[in-house]
Amino acid sequence: MSNPKFETDGFACRVVDMKKEYVLKSETVRALRGVSFDVPEGDYVAIMGPSGSGKSTLLNMLGCLDKPTSGSLWLGSDDVATMNDDQLADIRSQRIGFVFQSYNLIQQLTVVENIQVPLFYQGKSLSKAQQLRSIELARMVGLAERLDHRPTQLSGGQQQRVAIARSLVNDPFFILADEPTGNLDSRTTEEILQLFEKLNNEGRTIILVTHEDEVSKRAKRVVRLKDGRLQWDRQNSQEVREAAAKYAIDNMPVEV
Amino acid sequence: MNIWLGTIQLGVKSLWLHPLRSLLTVLGIFIGVASVIWLLAISKGIGDEAQRQIESLGADTIMIRTIKPPSEKMSAQGLTPYGLTREEFDLLSTSIPTVKSALPIRELRRQFQYRDRKLDGRLVGCTPEYFEVNRMEMADGHFISDAENFSMATNCVLSAKMAERLFWHEDPIGKRIYLPENQDFYFVVGVLKPKGATAAVGGSMAAQDFSNDVYIPIRTLHQRIGDMVMVSRSGSREGEIIELNQITLRVAEVSDVKRTADLVESALSSHEKMEDISVVVPLELLEQARTTRAMFMLFMGMIAAISLLVGGIGIMNIMLATVTERTREIGIRRALGAKRRDIIRQFLVETSVLSLAGGITGILFGLLCGPAVNGARALANIWFSEQMADLPEVVRTVQPSIVPESIPGAFLISLIVGLVFGIYPATRAAKMNPIEALRHE
C-alpha cells in the first residue's frame, strides 16, 4: 500500500487534496473541496473554522471514522482513503488517540478499564507491560488514586484526563482532540491545555479542533478552514503562545 | 480467545448496570425453560401412569368379553342366551396355534357370609391361569388348582379386603363361607395380597377392581350355580343366561398378537349380529396410549415453547431498548477501534448471558419438579383434604418424570433463543454510523 511518491517518514499524517461530498436527497453538499496539509511528527496543530467550514468533516476524516470522496490521507505509509471498514477500525485502535468534547468514557468501566479499551480492540490479550502502562498513564494524568472509580464518580476535568490517558495507551501517531475544553471551566481548561503542552514537549503530535481563539493560540500552528477550503495555515510564534498562556492564567477567576 | 472472555466480563458488567431490568428479562427465559421441563415431566408422568395400567393387563393377551346386547336384539319373551360359550372357549384354546394358554371367566354378583357378617362381592369362576394373567400374589394358602377345578371342589380363594372384612382377625384358611343365594358353603384355601385396580381403557373395558372378589373353580361354578342367573329387582325377577363372561387368551409371541386377534374375531364372527361380545387387545390400547401420550407431550411442549418464545421476544425488546440507549457507547467503541463484528459479539454475548442465566436457573428449578409437585400435593392434602379427595385420581397420584432429553434440550433452546433474538438488535447496533452514534445524546 505504500506509495513511493510520498516520503512519509517524519509525518504523523498527510492530507492530500481531500474532498468530501454528501448527497442529501437531490442536493450534493461539498463539505471539503480539496484540502491539503502535512502534520509533521511532534507538531501541535489547531484546526479552526466557523461552523459549516468543513471542520467536523475533516476531523472525521483524520479520525478515520469516514472516508474521503477523493484524495488521500496518509498515516505512516498507508493511504487510509482506500481502506475498508475493518481496516479503518484497526487503524483507529492502533494509530489514533481520540479525545472528545464530552469525554466519552464508558460508564460501566473503571478508570483503568476505560484506558485499556483501545488495546481491547487490538484483539490480543493484555500483556503485563500494557497493564503497567495503563496504570502509569493514569498516574501521569494524576488519577493514580482513582483507578477503580467509575466515570460518574469523577469531575469533568478528571474524566477528560482519563480520556487523554486512554488516547495515549496505544502509542498513537497523533492525538486527535475535538473541542477537548468545550465542556470545561477556565481553570480545568488550563489544566488540560497544560497537559497537552507537556505531552507535546515530550514529542507527542496533537491535532486539536477548536473554535476558541484562546485555545488555538496555545498550539504551535493554526490551520483555518472556510467553505471547505484551507483559508490559511500559519505558525504561532513562541511569544504568542506564551502571551496566551499568561493571559489565561492572569484572567482565571479567583476562587472565593 | 481473550477477547471472548473480556466480552463476557463486559457483558455481565453492562447487564449489572440495570439489575432489575436484566433480572426481569432472565425471568422470561427462566419461566419458559422451567415450564418446558415441568410440562414435559408432568405429561410424561401422566402418560407413564396410563401406560403402566394398560401394561398390567398384559401386552401378550387378548380379552374377549361378553357384553349385554342392546334390548331390541333380545327376544321379547323368555330368556335369550348370549355371550361367549364353553364351546367357543374350547375352539379358541385348542385350534389357534399361537395361543399359549386360555382362561375362561364367569363372574356373578353374590352375597357372602361368615357368621353374622354379610358382604356383597363378586364371585369369579376361573382356572389357575387367572392367577398368573392378573399378576396376583398369595398372602396365604394356594390359588385354585387344576385338580380342584377338575374335581369341582367347593374351595375358594379370597381377596385381601374380602378376607379382612369377613374374618377380621381370624385366620380364614380352612373356614367356610356361606353363599345365602345358593345355600352353599365354600372352604377358604387361600388369601391373596392386595392388588390395585386395572385401568378402564378405551371405553371397551370397565376398570377392574379386585378388592371384593371370591374365586372358585369355574367347573364348580358351572355345576353348582349354572348358566342361568335370576336376580330379583324391585319386585320383578330378571334373568340372564351366560356361559362365560370373558375369555383371556395369552399369545406366545407378542408379535403374533395382532394376527391372533384377527383370527379370534373371525372365529367369533357369529356374534356380530348380536353385538354381544367385544374383543380387547391391550397391545393396541398400549400403542394408542403411546400415540396419545406423544401427542399430549407435543402439545405441552408447544405451550412451553410459546412461553420460551415470549421470553425471547422479551430479550429482543430489552436489547433493542438497550441498543438505542447505548448508541453513544457504541459510537465510542467504534471510534476506539471496535469493528462491526466486535459490536455484534458484544450484544450477542449479552443476550446469550441473559438467556443462559435464565436457562440454567430454569433447568435447576425444572429438576425440582418431582419434589415440588409432591410437596405441593402433601400441603394441599393437609390444608384442603376434602377438596383434594374430589380431584381426579390422576391429580392425586401423578409422579412427574423428568424427560432426560429436556435438560440439554432446554439449555440448547435457551442459547438459541438468546442468539436468535439477539441477532437483530446486535446487527442494528453494528450498522450504526460511528459519527452519528457519537453525536447521539
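## Strand β2 of chain B

Arg110(B) stands opposite Gly121(B) in β3(B). The model is predicted. Strand β3 of chain B covers residues 117–126 and runs antiparallel to β2(B), with 9 bridges joining the two. Together β2(B) and β3(B) form a hairpin. The turn has 2 residues between the strands, and Arg115(B) there has a positive phi of about 50°.

A second pairing involves strand β11 of chain B, residues 246–251. β11(B) is also antiparallel to β2(B), through 6 bridges. Ala102(B) has Leu249(B) as its bridge partner in β11(B). Strand β2 of chain B spans residues 99–114, and 13 of its 16 residues are buried, so the strand is largely enclosed by the rest of the structure.

## Interface with chain A

Chain B contributes 27 residues to the contact with chain A, which contributes 25. The buried area is about 2,400 Å², with 59% coming from carbon and sulfur atoms. On the chain B side, Leu336(B), Lys339(B) and Ile435(B) lose the most area, together 26% of what that side buries.

## Polar links and make-up

The interface holds 5 salt bridges. In one salt bridge, Lys13(B) pairs with Glu113(A), the closest N and O atoms being 2.3 Å apart. Polar contacts link 11 residue pairs between the two chains, counting residues at pLDDT 80 or more.

Four helices of chain B each give two or more residues to this side: α1 (2–16), α10 (327–335), α11 (340–367) and α16 (434–439). The largest share, 7 residues, comes from α1(B). By class, the chain B side has 10 nonpolar, 6 polar and 11 charged residues.

Conventions: Residues numbered from 1 in each chain as written. Chains lettered and ligands numbered in written order. Predicted model: local features only at pLDDT ≥ 70, side-chain atom pairs only at ≥ 80, totals over all residues. Heavy atoms only, no water. Contact = heavy atoms within 4.5 Å. Buried area = accessible area lost by both parts, 1.4 Å probe. Salt bridge = Lys/Arg side-chain N within 4 Å of Asp/Glu carboxyl O. Polar contact = N/O pair within 3.5 Å; in protein donor to acceptor, adjacent residues only side chain to side chain. Nonpolar A, V, L, I, M, F, W, Y, C, P; charged D, E, K, R; others polar. Buried < 20%, exposed > 50% of the residue type's maximum accessible area, 1.4 Å probe, protein only. Pairing = 2+ DSSP bridges.
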